Amino acid sequence: MGRKSMFHPLIVRYGVFMLGLAIMGFGIGMMIQANLGVAPWDTLHIGLQKTFGLTIGMWSQIVGLLIIVSSYVIGKIKPSVGMFLNMFFFGLFIDLFMWLNWIPIGGTLSERIFLFAAGLLIYTFGTGMYISPHLGAGPRDSFMLALHDRTGWDVGRIRIGIECTVTLLGFLLGGPVSIGTLVTALSIGPLIKRFIPMWERVMAKLNSVRSESQLAK
C-alpha cells in the first residue's frame with residue numbers, strides 16, 4: 001500500500017497562491033527601496049501614503065477593495081475568494097517586509113539598480129506563482145476585464161489607459177515616477193509570461209505526484 005499524500009490539492013493550491021503573494025510583496029518592497037521608480041499602481045499607493053498617511057500596504061488594500069466594487073458595478077464581475085485574499089494579503093505582505101526591515105536600502109546608483117532589477121524579477125516570479133493555481137484574478141486585472149466587457153475596447157489599450165491614468169494620479173499625489181516606472185511598464189508583461197508556464201508545470205507536477213499517490217493506495 002502506498003503512502004497517503006499529506007496535503008489535499010486545495011491546500012497545495014492555496015499554499016502556492018499565498019507564497020506567491022508573499023514573494024510579490026517582498027519584490028515590491030525591494031523596488032520601493034531602490035528609489036528608481038515603481039510600477040504604476042504602486043506609484044499611486046505611495047502617492048496616497050505621502051498625501052493622506054496610512055501605509056503603502058493599507059492603500060493597496062483600500063484601492064483593491066474599491067476596484068473590486070467597481071468591477072462588479074461596471075462588469076458584474078463577482079468577486080472570488082482568491083480576489084479578496086489577493087487584495088488583503090498582498091498589501092499586508094508589503095507592509096510586513098518593510099516593517100521587518102529585511103529589505104536592504106540601495107546606496108550607490110549601481111546598488112540601487114541591482115536592488116531594483118532583483119525586486120522586479122522577484123515580483124514577476126511571485127506573480128507567476130500566485131496565478132498558476134487559478135484561484136482568481138487580482139482586483140486590478142478584474143477591473144481591466146470589466147472595462148473590456150463594458151466598452152468592447154482592446155484589453156491592451158485598456159491596460160495602457162489604466163496604467164497611464166494611475167501613474168499620473170500617483171505623480172500628482174507625490175508618488176515616484178522615474179526610469180524604473182518605464183522599465184517596469186515595458187518588462188513586467190514579458191517577464192510574467194515567462195514565469196507563468198514555469199509555475200504551471202510545477203503545479204502539474206504536484207498534481208501528478210498526488211495522483212500517483214492516490215493510485216498507489
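**Entry 1: helix H6**

I started just past helix H6, at Gly152, which follows that helix and has a positive phi, near 80°. I am working with a predicted model. Next I checked the length of H6 itself. Helix H6 covers residues 139–151, and at 1.5 Å a residue its 13 residues should span 18 Å. I found its end C-alpha atoms 18 Å apart, so the two values agree. Then I looked up which residues of H6 are buried. They are Pro139, Arg140, Ser142, Phe143, Met144 and Ala146.

**Entry 2: helix H5**

I did the length check on H5 too. H5 has 23 residues. From first C-alpha to last, H5 reaches 33 Å, close to the 33 Å expected at 1.5 Å a residue. I also went through its buried residues, which include Leu115, Phe116, Leu120, Tyr123, Thr127 and Tyr130. Two glycines on that list are Gly119 and Gly126.

**Entry 3: the largest pocket**

How much space lies in the largest pocket? I noted about 710 Å³. Its lining has 32 residues, and the closest to the pocket centre are Tyr123, Thr127, Asp141, Arg159 and Ile192. Tyr123 and Thr127 were already on my list of buried H5 residues.

Which helix gives the most to this lining? H8 does, with seven residues. Helices H1 (9–34), H2 (40–52), H4 (81–100), H5 (109–131), H6, H7 (155–172) and H8 (179–215) each supply at least two lining residues. I sorted the lining by class as well: 18 residues are nonpolar, eight are polar and six are charged.

**Entry 4: the nonpolar cores**

I turned to the largest nonpolar core, which has 29 residues. Leu21, Ile28, Met31, Phe90 and Tyr123 touch the most other members. H1, H4, H5 and H8 each supply at least two residues of this core. H1 provides the largest share, nine residues.

I followed Phe90 outward. Not counting residues up to four places away in sequence, Phe90 touches Leu21, Met24, Gly25, Ile28, Ser60, Leu85 and Tyr123. There is also a second, separate core of 11 residues, with Leu44, Leu48, Phe143 and Ile158 among them. I had met Phe143 before, as a buried residue of H6.

**Entry 5: Asn86**

Asn86 lies in helix H4. Is Asn86 buried or exposed? Its relative accessibility is 6%, so Asn86 counts as buried. I left aside neighbours within four places in sequence and listed its contacts: Phe17, Leu21, Tyr130, Gly138 and Pro139. Leu21 is also in contact with Phe90.

**Entry 6: Val63**

I found Val63 in helix H3, residues 56–75. Its relative accessible area is 10%, so Val63 is buried. Which residues does Val63 contact, leaving aside neighbours within four places in sequence? They are Trp41, His45, Leu48 and Arg140. Leu48 belongs to the second core, and Arg140 is one of the buried residues of H6. I took one distance here too. Val63 and Leu120 are 57 residues apart along the chain, and their C-alpha atoms are separated by 22 Å.

**Entry 7: Pro190**

My last stop was Pro190, in helix H8. Pro190 counts as partly exposed, because its relative accessibility is 49% and the partly exposed range ends at 50%. I compared its position with Ala117. The two are 73 residues apart in sequence, and 14 Å lies between their C-alpha atoms.

How values were computed. Residues are numbered from 1 along each chain as its sequence is written. This is a predicted model: local features need pLDDT of at least 70, side-chain atom pairs count only at pLDDT 80 or more; totals for chains, interfaces and linings use all residues. Side-chain values use heavy atoms; hydrogens and water are left out. Helices (H or I, at least four residues) and strands (E, at least two) are DSSP runs, numbered from the N terminus. The expected span of a helix is 1.5 Å times one less than its number of residues. Buried means under 20% relative accessible area, exposed over 50%, partly exposed in between (1.4 Å probe, protein chains only). On a 1 Å grid over the protein atoms alone, a cavity is a set of points where a 1.4 Å probe fits but cannot get out, and a pocket is an open set with protein on both sides within 12 Å along at least five of seven lines; lining residues have an atom within 4 Å of a point. Grid points are joined across faces, edges and corners, and a volume is the space filled by probe spheres set on the points. Ala, Val, Leu, Ile, Met, Phe, Trp, Tyr, Cys and Pro count as nonpolar, Asp, Glu, Lys and Arg as charged, and the others, Gly among them, as polar. Contact means heavy atoms within 4.5 Å. A nonpolar core is a set of buried Ala, Val, Leu, Ile, Met, Phe, Trp, Tyr and Cys residues joined through side-chain atoms within 4.5 Å.
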